[in-house]
Number of protein chains: 2
Amino acid sequence: MLKNYLLTPGPTPIPPRVLETMARPIIHHRTPEFQKVIQEVEEDLKYVYQTKNEVLIFAASGTGAMEGSVINLLSPGDKALVVRGGKFGERFGEICKAYGVEFIPLDVVCGKAVDPKKRDEALKIDKKIKAVYVTLCETSTGVSTDVEAIAKIVKNYEAALVVDAISGLAAIPIKTDEWGVDVVVSGSQKGLMIPPGLAFVSVSAKAWGLIEKSTLPKYYFDFKAYRKAIAKTDTPFTPAVNLMIGLREALKIIREEGLEVIFERHKKMASAVRSSVKAMGLELFAPEAYSDGVTAVKVPQGIDGEKLVKTMRDKYGVGIAGGQDEMKGKMFRIATMGYITPSDLIVCIATLETVLSEMGYKFQLGSGVKALEETLK
Amino acid sequence: MLKNYLLTPGPTPIPPRVLETMARPIIHHRTPEFQKVIQEVEEDLKYVYQTKNEVLIFAASGTGAMEGSVINLLSPGDKALVVRGGKFGERFGEICKAYGVEFIPLDVVCGKAVDPKKRDEALKIDKKIKAVYVTLCETSTGVSTDVEAIAKIVKNYEAALVVDAISGLAAIPIKTDEWGVDVVVSGSQKGLMIPPGLAFVSVSAKAWGLIEKSTLPKYYFDFKAYRKAIAKTDTPFTPAVNLMIGLREALKIIREEGLEVIFERHKKMASAVRSSVKAMGLELFAPEAYSDGVTAVKVPQGIDGEKLVKTMRDKYGVGIAGGQDEMKGKMFRIATMGYITPSDLIVCIATLETVLSEMGYKFQLGSGVKALEETLK
């Protein structure tokens, strides 16, 4: 008999209150009852986004909304500046390429955020650059980018700032309006605590200006169609009804706790994870500019990282994430966002200790949990 | 106190067995447990599609997969032949337009399918036409198209035949391989009995040939990325996990009952609805070429169709669909697919009688239910 724990950086666990609302009989989407859902979700998303801008909602994975943020803002001949620090930063470049948009990659060292000293230098934005793409929290490395500082620079140009906050929204602070972020892309399965299948973008007036001029082809992800629909509390295509109903409940939970309290909770838990792995003699993948939503840890030498993740999951029921692509087997990642609690962390770190010990890694058994308890208290 | 009944042509009601599986704690998508879900869903979708072709699965509404079937098959300079008989047929044309693909509309009279006598004439497919787009069941009019006959003609050309079966799959017969349909597009919220948010396409060898040559831009709906992933029992982007788990259960229910039995059941129920409304003196919108998945009925003169639908829903808890766009207020639609049963129809027709009577329509009260009982027995 196993009890399962999920500490992956998406999907994250779903609160029972939310699961229950999604298990109710389905309702039709062109009814006053569902319009109320759209209205409440829209209002609460603005709260989470910290914005007065419209938030558009798509039935899609986060990648769909990332694509939307390229094809709606740009036109053939435009250029994009893409800050790449991992798998998800690279994705913006891939999308630009697929649409024949020239992009200037600004590659930052994996595991490090954009160097503040080099930032002004690197962010020379010529007139052809119409959008700058940045990842708030790079899920693949656990690195968080100083979006506020980048926004201050981009603000002076015609270019719009697009932030992929799929793995950051409702997990770590992003002040859309205060910082001046034009487009914030997000998804449902991370800080928002519902299953994957919904994606969101907030759009500023500056971005709408670009959208009006954009000539890249689009249909399903045409922002203007969604804007027109949301003005009538409607959707242009059939919405993912039960995910929307789950989202309404999840957003209620978020408002009840309050964004600031949530950010503090995540911060404390992430700090506890960092202390804990360090106490076990392990090394953080991103010792600087780490995100409080997910912590990436280097697999110690001589240990098979893929086996570690598999054993924790299959033998002990504890789901954490391994490394992706070239980091496969060399990294593991523990999420601290959404419906992941200190009690989950205790089970996770204790299990990590047990499995590392079984695999022959030398360290003081119990040291991780001790550090965790000390930081969490 | 009201008990709610949903007889709309999407979303259709969800069986409790399916709702229950979607309310279980979420699992991660890169695990053997989820791979088993993908594998089972893929196998059972092939059964429902009656095909050996790969079936690609998208986290999106059906429209997303419709867009996919345009941008993956065509290239700039290609032409498309689009059979339009209602809102959803028109959508293929809109998508072509958005991507700068010239399309030749073949407009069929609303409420009538492609005239078999004119079909050969109309389907003159010149060399530039690379795809023919047809709607199996036009949800907006309740008309079903003779896809088998069209497939026989298109087979002789280089063009691929694309069928929108969003509102027909698992509701009425579509024999993908036997008829030779190259791309069959579908969605989750109709015959498949799960909430909206998943879309599907099956792709034939002939279609893959066109896809290899297609140069229209794409990323999220890039069929090749999905084919590559499914070969490894994976998905290119985060899948809609709980919808996939619900789909697995819904497909199990379909296999348990068997496609042929399901089609017969839908046929009998649709026939009962037609008899029933005719007995009440009402007129079918599509007296020929009707679909057994949804029946469109003309609102009698002097009756406010929008009020009829609203009253049935708000006062009696019975959800049927009104007319869309220019048919608003002039039509109502009753679905007979998926988890809609004879008992739902009895409540629906009795309520229709009650409300029509309240609204001053003159007919023999009870005549509809009588005809229903006679046909269903």
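**Exercise 1. The sheet of strands 11, 12, 15 and 14 in chain B**

Task: In this predicted model, find which strands stand at the edges of the open sheet of chain B and why one side of each is left without a neighbour.

Solution.
1. The open sheet in chain B has 4 strands in the order 11-12-15-14, and the pairing is antiparallel.
2. Strand 11 (283-284) and strand 14 (321-322) of chain B are at the edges; each has a single partner strand, so one side of each has no neighbour in the sheet.
3. For strand 11 of chain B, 2 bridges lead to strand 12 (residues 294-298) of chain B, and the two run antiparallel.
4. The register can be read from Glu283(B), which stands opposite Lys298(B) in strand 12 of chain B.

**Exercise 2. Strand 9 of chain B**

Task: Determine how many residues of strand 9 (residues 183-187) of chain B are buried, and in which sense strand 8 and strand 9 of chain B pair.

Solution.
1. Of the 5 residues in strand 9 of chain B, 5 are buried, and the strand is mostly covered.
2. In a regular strand the side chains alternate between the two faces of the sheet.
3. Sorted by side, Val183(B), Val185(B) and Gly187(B) fall on one face of strand 9 of chain B and Val184(B) and Ser186(B) on the other, and both faces are covered.
4. Strand 8 (residues 160-164) of chain B pairs with strand 9 of chain B in the parallel sense, over 3 bridges. Here Val163(B) is opposite Val184(B).
5. Strand 9 of chain B also runs antiparallel to strand 10 (residues 198-203) of chain B, joined by 5 bridges. In this pairing Gly187(B) is opposite Ala199(B).

**Exercise 3. The relation between the chains**

Task: State what turn and shift lay chain B on chain A, and describe the side of chain B that touches chain A.

Solution.
1. A turn of 180° with a shift of 0.0 Å along the axis lays chain B on chain A with an RMSD of 0.0 Å.
2. This is therefore the relation of a two-fold axis.
3. Ala60(B) has the C-alpha nearest the axis in chain B, at 2.4 Å from it.
4. The same surface serves both copies, since 100% of the contact residues of chain B recur in chain A.
5. The contact involves 43 residues of chain B and 43 residues of chain A.
6. On the chain B side, the elements giving two or more residues are helix 1 (16-22), helix 3 (62-71), helix 4 (87-98) and helix 10 (241-257). Helix 3 of chain B gives the most, with 4 residues.
7. By residue class, the chain B side divides into 24 nonpolar, 15 polar and 4 charged.
8. As for confidence, the model scores ipTM 0.96 and pTM 0.96. Chain A has a mean pLDDT of 95, with 99% of its residues at 70 or more.

**Exercise 4. Helix 4 and Phe200 of chain A**

Task: Find what the buried residues of helix 4 of chain A pack against, and which residues Phe200(A) touches.

Solution.
1. Helix 4 (residues 87-98) of chain A has 12 residues and reaches 16 Å from first to last C-alpha, close to the 16 Å expected at 1.5 Å a residue.
2. Its buried residues are Phe88(A), Gly89(A), Arg91(A), Phe92(A), Gly93(A), Ile95(A) and Cys96(A).
3. These pack against several elements of chain A, including helix 3 (62-71), strand 3 (79-84) and strand 4 (102-107).
4. After helix 4 of chain A comes Gly100(A), with a positive phi near 70°.
5. Phe200(A) is in strand 10 (residues 198-203) of chain A. Phe200(A) counts as buried because 25 other C-beta atoms lie within 10 Å.
6. Leaving out residues up to four places away in sequence, Phe200(A) touches Leu45(A), Val55(A), Leu56(A), Ile57(A), Ala65(A) and Ser186(A).

**Exercise 5. Backbone angles**

Task: Locate the cis peptide bond at Pro11(A), then decide whether Ala289(A) is buried or exposed and whether Asp325(A) is buried or exposed.

Solution.
1. The cis bond joins Gly10(A) and Pro11(A), with omega about -5°. Pro11(A) is in the loop between strand 1 (5-6) and helix 1 (16-22) of chain A.
2. In chain B a cis bond joins Gly10(B) and Pro11(B), with omega about -5°.
3. Ala289(A), a residue other than glycine, has a positive phi near 50°. Ala289(A) lies in the loop between helix 11 (259-279) and strand 11 (294-298) of chain A.
4. With 20 other C-beta atoms within 10 Å, Ala289(A) is buried; the cut-off is 20 or more.
5. Asp325(A) also has a positive phi, near 50°, and lies in the loop between strand 13 (321-322) and strand 14 (331-335) of chain A.
6. Asp325(A) has 9 C-beta neighbours inside 10 Å and so counts as exposed.

Conventions
Residues are numbered from 1 along each chain as its sequence is written. Chains are lettered from A and ligands numbered from 1 in the order in which they are written. This is a predicted model: local features need pLDDT of at least 70, side-chain atom pairs count only at pLDDT 80 or more; totals for chains, interfaces and linings use all residues. The expected span of a helix is 1.5 Å times one less than its number of residues. A residue is buried if 20 or more other C-beta atoms lie within 10 Å of its own, exposed if 12 or fewer, and partly exposed in between; C-beta atoms are placed from the backbone. Two residues are in contact if their C-beta atoms, placed from the backbone, lie within 7 Å. Ala, Val, Leu, Ile, Met, Phe, Trp, Tyr, Cys and Pro count as nonpolar, Asp, Glu, Lys and Arg as charged, and the others, Gly among them, as polar. pLDDT is the predictor's confidence in each residue, from 0 to 100. Copies are superposed by least squares on the C-alpha atoms of residues with pLDDT of at least 70 in both. Two strands pair if DSSP finds at least two bridges between them.
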